[in-house]
Amino acid sequence: MRAPDLKRLVPEYVQGFEAYIPSKPDPELMKLYGVDHLHRLNNNENPLGPPPAARQVIQNFDPARASIYPSGDVYYLRQALARRFDMDPDQFLVGNGANEVITFAIKAFCQQGDNIVTADRTFAVYEWVAEFSGFEARLVPLDDGLGFDDEKILEAVDERTKIIFICNPNNPTGTWWDRARMRRFLDRVDGRQIVVVDEAYCEFVESPEFPDGMELLKEYPNLVTFRTFSKMYALAGLRIGYLAGSREVVDVMRRTCVVYSVNVLAQEAALAALGDDAGHIARTRRLVREEKAYLTGELGRMGLRVQNGEGCFLMVRLPISDTLAYRKLMRQGVMIRTMTGFRFPNWIRVSIGLHPAMEAFIRGLRNIL
Amino acid sequence: MMSAEPLRLTVPLGENLLGVVTSFSEQAGLALGLGRTEAMKLTLAAEEVFSYLLRRSRPEESIRLEAASGGYYVELKLLFPSGRVDLSVFNLTADLSLDDEAGLEKLGLLIASRSVERFSILTDQEGGLGLSFRKEKKYPPPGEEPPPEVGPLGELKVVPPGPEQLKLLARLLAAHYQPNYYPSDFALPGKLVDMVGGGEFGALLATDEKERPGGCLLWRWLEGRTVLCFGPYLFNQPQGSPAAEALVEAALGRLAKTDAVSLICRYPTPELPVGHFELLGELEYVAEDGQRLKWPHFFRQLKEDPGTVVWAHPELEEFLRRTYDQLFLAREVRLTRPEGEERPAQSVLGVHLDRGQNLAMVVPLWDGRDAGENLGRHVELLLKEGFRNLYVNLDLGRAWQSYLVPDLLAQGFQPRLVMPYGGTSDQVIFQHGAEAA
C-alpha cells in the first residue's frame with residue numbers, strides 16, 4: 001500500500017502548524033519523574049471540586065444512560081442559562097469546553113484572507129484555531145501593565161478583521177479591563193467587528209468595577225461572551241463551556257456548531273452546578289484569596305517578582321529557566337505551567353490549590369532556587 | 001529548511017538517459033542559484049552515482065532526483081531502491097584499489113561525495129535509499145571597508161534584520177568577536193543574507209529609534225526539533241546592557257510557538273544571559289598552542305519536558321543515568337547491544353571537519369559489523385592529519401548507534417555531555433583523549 005502524499009494532501013497552513021502536545025497522564029508523569037504524588041498546579045483547576053449538587057448528579061448517574069444520545073443542543077442547560085441571565089435560550093450555544101466554542105466563532109465569521117486580532121501573551125487557543133484554519137492571527141503586545149492594549153488593538157484592525165478576542169481577566173496575567181474601559185472599546189469598534197470577551201475566570205473577580213459581559217450584550221449586538229464550567233465550577237474533566245450573544249449573531253454561529261458534542265453527564269452536572277453555586281463560589285473565592293495572600297507573602301520574602309491579577313492563578317518570574325524549574329519541581333511532585341510558550345520566558349504560572357499543595361510548591365521552589 | 005517546492009525528475013536506470021540526468025542536475029543547479037563551477041560539481045556527483053547504479057541495477061528500476069534551494073546552497077537528492085550501493089566507499093578512510101574493476105567502479109562514488117560540501121545517506125519507510133549532496137554557492141570575501149562606528153543604543157528595540165543590516169552585522173561580528181565565537185560563514189556578508197533568507201537560519205537585531213545596530217542573535221534549525229543559537233553578540237554596548245537579554249527573550253518568543261523543543265548554545269559569548277540557559281557540561285578544546293580550554297555548552301528547553309526514551313549500550317548506562325539526574329531530565333533508558341542478529345558488513349561514518357578550529361566531529365551514518373575497526377581507521381587518519389580535537393556524536397534515538405560505545409571507550413573516547421533532543425532523541429558527545437565527565 002502506498003503511503004499518502006501528505007505534502008500534496010495537507011494544506012500548507014496545517015503543514016506549518018505545530019500540534020499541541022498535552023501532558024502525559026499523571027501516572028506516567030509520576031513514573032517518569034520518580035515521585036509517588038503529584039500536586040497539579042498547572043491547569044487552573046478548582047481544588048474544591050464541583051458544587052455539591054453537581055457531585056450528586058455525577059454520583060447518581062445511571063450507567064445504562066450512557067447508551068442514549070444526549071440532547072443535541074443542550075436544551076435544558078440553555079433554558080437555565082436564559083433564566084439566570086434574563087436572556088433567550090437561543091442566545092446561547094454550548095460546546096465541548098470553551099475551546100470548541102472558539103472554533104464555532106472563527107468558522108462562522110472568517111473566510112480566506114480574513115484575520116483575527118488578539119494579544120500576543122494570552123490564552124493561545126484563539127491564535128491556534130485561527131492559524132490552523134488558515135486565517136491570520138494578528139497579535140498585539142500587552143501594554144506595560146501586562147494588560148490588553150486597547151489602542152494598539154484598534155490600530156491592528158483592518159477591513160479584513162472579523163473578530164477581536166479579549167480575554168478578561170487575561171490568562172495568564174490576570175489583568176482586566178473595567179466596565180468603563182470595556183464600554184469605551186466597544187463604542188469605538190462600533191459594530192464593525194465581532195468582539196469576543198472570554199470570561200473564563202470572571203466568577204473569581206470580586207471587584208464591582210468588573211464588567212459583566214452578559215449585561216453588556218444587551219447594548220452591544222456585536223459582542224459575544226465566552227464562559228466555561230471548567231474553572232469555577234470544577235467540571236474540567238467533563239468538558240463543557242458556552243457562548244452568548246445577540247440572537248442574530250448566535251444564529252450565524254449555530255450553523256458552524258457541532259451538535260451532540262456535549263455529553264449527557266456534562267450537561268446534567270453543569271445544570272446542577274448552575275443551580276447550586278452561591279456557596280461554592282464564596283468558598284472558592286475565599287480559598288483563592290487566602291492562598292494568594294500566603295503565596296505572595298512567601299514569594300515576596302524570596303525576592304521574586306509576582307504578577308498577581310484576578311483568577312485562580314498567579315505568575316512568578318524566576319532567576320532560572322522556567323522549563324528547568326518545571327523539571328526540578330516535578331521531581332518534588334509539583335507540576336506548574338511554564339510560560340515560555342506564552343511568550344513569558346522564565347516565568348511560571350501556578351494555580352491556586354489547597355494549602356498543603358501551596359506549601360509543597362513554596363518548599364519545592366525554595367529547594368531549587 | 002527548504003524554501004520552495006523541489007524540482008523533480010524520475011527516470012528509468014537506462015544508459016541512454018544519463019544525459020537527461022546530467023542536464024537536469026546542471027540546469028536545476030543553475031536555476032536555483034549556483035555558479036557554473038558549482039553546478040558542474042553537483043552534476044558530476046549525479047553523473048557518478050547514476051553511472052554506478054547503471055551497472056548494478058535491473059533495467060526496470062528507476063531513480064528519482066530532487067533539487068531544492070536552501071538559500072546559500074542547492075541540495076540534490078538521488079533516491080533509488082536499496083541494496084545497490086556499497087556505502088562503505090563514503091567513509092573518509094575509503095582506500096580504493098585502482099587496479100581492479102570494483103575499485104574503479106567505486107571511485108566514481110568517492111568523487112561524487114567529495115565534490116560537495118555536505119553529503120548524507122537517506123533512508124525512507126518504503127525501503128528505499130538515497131544520497132543527498134549539498135553544494136554551496138560561492139561568495140566573495142567581505143570588502144576592505146571597515147564596519148561603521150557603533151555606540152550605545154538609545155531606545156532599545158529588537159527586530160528581524162533586513163538584507164543590508166545582515167551584511168552590516170557580518171562585518172561587525174568579524175570586527176568585534178574572535179573567530180571561535182561564531183561559524184566562519186557568518187563573516188561572509190552575502191552568505192549570511194542567503195543563510196537567513198533560505199529559512200535554515202534566523203536572526204534578530206538589537207537596534208534603536210535611529211536604526212543603529214547594537215547587537216544581534218542568530219539561530220539555526222537542525223533537522224530534528226532542536227535549534228542552535230549563536231550569540232548574543234553586542235557591539236560597543238555598555239556593561240550590563242539590556243540588549244543581550246532582550247535579544248534572547250525575543251528569540252524565545254519567536255521559537256516558543258514553533259515545533260522546536262530545545263535551544264542549544266554551542267558558541268556562548270560572555271554576554272549570554274545564563275539565567276535563561278542551563279549548563280549541559282563542557283568539552284575540552286585543545287587550542288593551537290596546546291592549551292586545553294573549557295568549551296561550555298548551554299541549552300534551554302522551549303517546552304515542558306514530556307520525557308522520552310533513549311537507547312543505550314550497558315557501558316553507557318551509568319554515565320547517562322548520572323547525567324540525566326544532574327539535568328533533572330525524565331528519561332527511560334532502554335539497554336541494547338548487538339545480540340547476533342544480521343547486520344550489514346560495512347559501516348559508514350560521516351566526518352565534519354573544521355580545519356580552522358582543528359576540530360573533527362564524527363557521526364555514524366550506517367551500521368556495520370566493522371564499525372569498531374572503521375572508527376579506529378578514522379581516528380588514526382584524523383590524528384595523522386593533525387586534528388587535535390576529535391569528537392563523536394551518537395544519537396540515542398537510533399539504537400544501532402549505541403553499538404559503537406565499547407569501541408569508543410576502548411579507543412580512548414569518553415562521554416562528555418548530553419544534548420537533549422539534539423537528534424531524533426538525545427545525543428551524547430564523546431571526546432577523544434579527554435577525562436571522563
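Q: Two residues are in contact if their C-beta atoms, placed from the backbone, lie within 7 Å. With that in hand, what share of the contacts in chain B with a separation of 6 or more comes from residues 24 or more positions apart?

A: Such residues account for 64% of those contacts in chain B. Before we go on, a word on the source: this is a predicted model, in which local features need pLDDT of at least 70 and side-chain atom pairs count only at pLDDT 80 or more, while totals for chains, interfaces and linings use all residues. Residues are numbered from 1 along each chain as its sequence is written, and chains are lettered from A and ligands numbered from 1 in the order in which they are written.

Q: How do I read the overall dimensions of chain B?

A: A useful yardstick is the radius of gyration, taken here over C-alpha atoms, against a globule rule of 2.2 Å times the number of residues to the power 0.38. For 437 residues, a compact globule would come out near 22 Å, and chain B agrees at 23 Å. Its C-alpha trace spans about 70 × 50 × 45 Å along the principal axes.

Q: What secondary structure does chain B hold, and how many helices and strands are there?

A: Here helices (H or I, at least four residues) and strands (E, at least two) are DSSP runs, numbered from the N terminus. Chain B has ten helices and 19 strands.

Q: How is burial judged, and what percentage of chain B counts as buried?

A: With C-beta atoms placed from the backbone, a residue is buried if 20 or more other C-beta atoms lie within 10 Å of its own, exposed if 12 or fewer, and partly exposed in between. By that count, 42% of the 437 residues of chain B are buried. His352(B), in strand β15 (residues 348-354), is exposed because 12 other C-beta atoms lie within 10 Å.

Q: How should I read the interface, and how many residues does each chain bring?

A: The size of an interface is often given as the accessible area lost when the parts come together. Here we can count residues: 24 from chain B and 22 from chain A. On the chain B side, α6 (243-256) and β12 (292-301) each supply at least two residues, and α6(B) gives the most, with four. By class, that side has eight nonpolar (Ala, Val, Leu, Ile, Met, Phe, Trp, Tyr, Cys and Pro), nine charged (Asp, Glu, Lys and Arg) and seven polar residues (the others, Gly among them).

Q: How do I read a sheet, and in what order do the seven strands of the open sheet in chain A run?

A: Strands of a sheet pair through backbone hydrogen bonds, either parallel or antiparallel. Two strands count as paired if DSSP finds at least two bridges between them. In chain A the order is β2-β8-β7-β6-β5-β3-β4, with mixed pairing. β2 (92-95) and β4 (136-140) stand at the edges with a single partner strand each, so one side of each has no neighbour in the sheet. Inside this sheet, β6 (residues 194-198) and β7 (residues 223-228) pair in the parallel sense over four bridges, with Val197(A) opposite Thr225(A).

Q: Which helix lies across β2, β6, β7 and β8 of chain A?

A: That is α11 (residues 247-254) of chain A, at about 35° to β2(A). Axes are lines fitted to C-alpha atoms, for helices over the stretch in contact, and angles run from 0 to 180 degrees between N-to-C directions.

Q: And which sheet of chain A has antiparallel pairing?

A: An open sheet of four strands, ordered β9-β10-β13-β12 in chain A, pairs that way. Five bridges join β10 (residues 313-317) to β13 (residues 347-351) of chain A, and Leu314(A) has Val350(A) as its bridge partner.

Q: How can I check a helix by its length, and is α6(A) mostly covered or open?

A: The expected span is 1.5 Å times one less than the number of residues. For the twelve residues of α6 (residues 98-109) of chain A that gives 16 Å, and the end C-alpha atoms agree at 17 Å apart. The helix is mostly covered, with ten of its twelve residues buried, among them Phe104(A) and Ile106(A).

Q: Where should I look for unusual backbone angles, such as a positive phi or a cis peptide bond?

A: Val74(A) has phi near 55°, a positive value in a residue other than glycine. Val74(A) is in the loop between α4 (52-59) and α5 (75-85) of chain A, and is buried because 27 other C-beta atoms lie within 10 Å. Asn236(B) also has phi near 55°; it is in the loop between β9 and α6 of chain B. As for cis bonds, one joins Asn171(A) and Pro172(A), with omega about 20°, and another runs from Gly231(B) to Pro232(B), with omega near 5°.
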